[in-house]
Amino acid sequence: MQIVEATRSPALGSAFMVFHAPLTDVSYTLTITESLKGTSRTYSNIAGGSGQLCGAVDSSGFLP
């Protein structure tokens, strides 16, 4: 998992972006909580699901 700060870049959405790439076919749930606002996002991988080895990008992620 990688979190990238793009808050000063309007071209990238001005948010904290979340990247996760499991590289496995094991089922998992990942919950990220932004501690100041208490905002949470949950990401998951379903065993045997399509795209399971690629992961995902949440470019809207967490707004500042």
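In which sense do strand β1 and strand β2 pair, and over how many bridges? Strand β1, residues 2-5, and strand β2, residues 16-20, pair in the antiparallel sense, and four bridges connect them. Within this pairing, Ile3 has Val18 of β2 as its bridge partner. The model is a predicted one, and the pairing of β1 with β2 is a convenient place to enter it.

The protein contains five strands and zero helices, so that its pattern along the sequence reads β-β-β-β-β. Strand β2 takes part in a further pairing, with β5: these two run antiparallel and are joined by four bridges. Here His20 stands opposite Ala56, a residue of β5.

The next pairing involves strand β3, residues 28-34, and strand β4, residues 39-45. These strands are antiparallel as well, and seven bridges hold the pairing. One of the bridge partners is Ser40 in β4, which pairs with Thr33. The two strands form a hairpin with four residues between them. In the turn, Gly38 has a positive phi of about 80 degrees.

Side-chain contacts bring β4 and β5 into the same account. A search of the whole structure finds one salt bridge. Asp58 and Arg41 form a salt bridge in which the closest N and O atoms are 2.9 Å apart. Because Asp58 lies in strand β5, residues 56-62, and Arg41 in strand β4, the pair ties together parts that are 17 residues apart in sequence. How buried or exposed are the two residues of this pair? Asp58 has a relative accessible area of 13% and is therefore buried, the cut-off being under 20%. Arg41, at 29% relative accessibility, counts as partly exposed.

Arg41 has a second side-chain interaction: its charged end sits over the ring of Phe62, at 5.8 Å from the ring centre. As for pairs between aromatic rings, the structure holds zero.

Some totals complete the picture. The protein has 64 residues, of which 22% count as buried. Its accessible surface comes to about 4300 Å², and carbon and sulfur atoms account for 57% of that area. Among the contacts with a separation of 6 or more, 41% are between residues 24 or more positions apart.

How values were computed. Residues numbered from 1 in each chain as written. Predicted model: local features only at pLDDT ≥ 70, side-chain atom pairs only at ≥ 80, totals over all residues. Heavy atoms only, no water. Pairing = 2+ DSSP bridges. Buried < 20%, exposed > 50% of the residue type's maximum accessible area, 1.4 Å probe, protein only. Contact = heavy atoms within 4.5 Å. Areas by Shrake-Rupley, 256 points an atom, 1.4 Å probe, with all protein chains shown as cover. Phe/Tyr/Trp six-rings, centres within 6.5 Å; stacked < 30°, edge-to-face > 60°. Lys NZ or Arg CZ within 6 Å of the ring centre and 35° of its normal. Salt bridge = Lys/Arg side-chain N within 4 Å of Asp/Glu carboxyl O.
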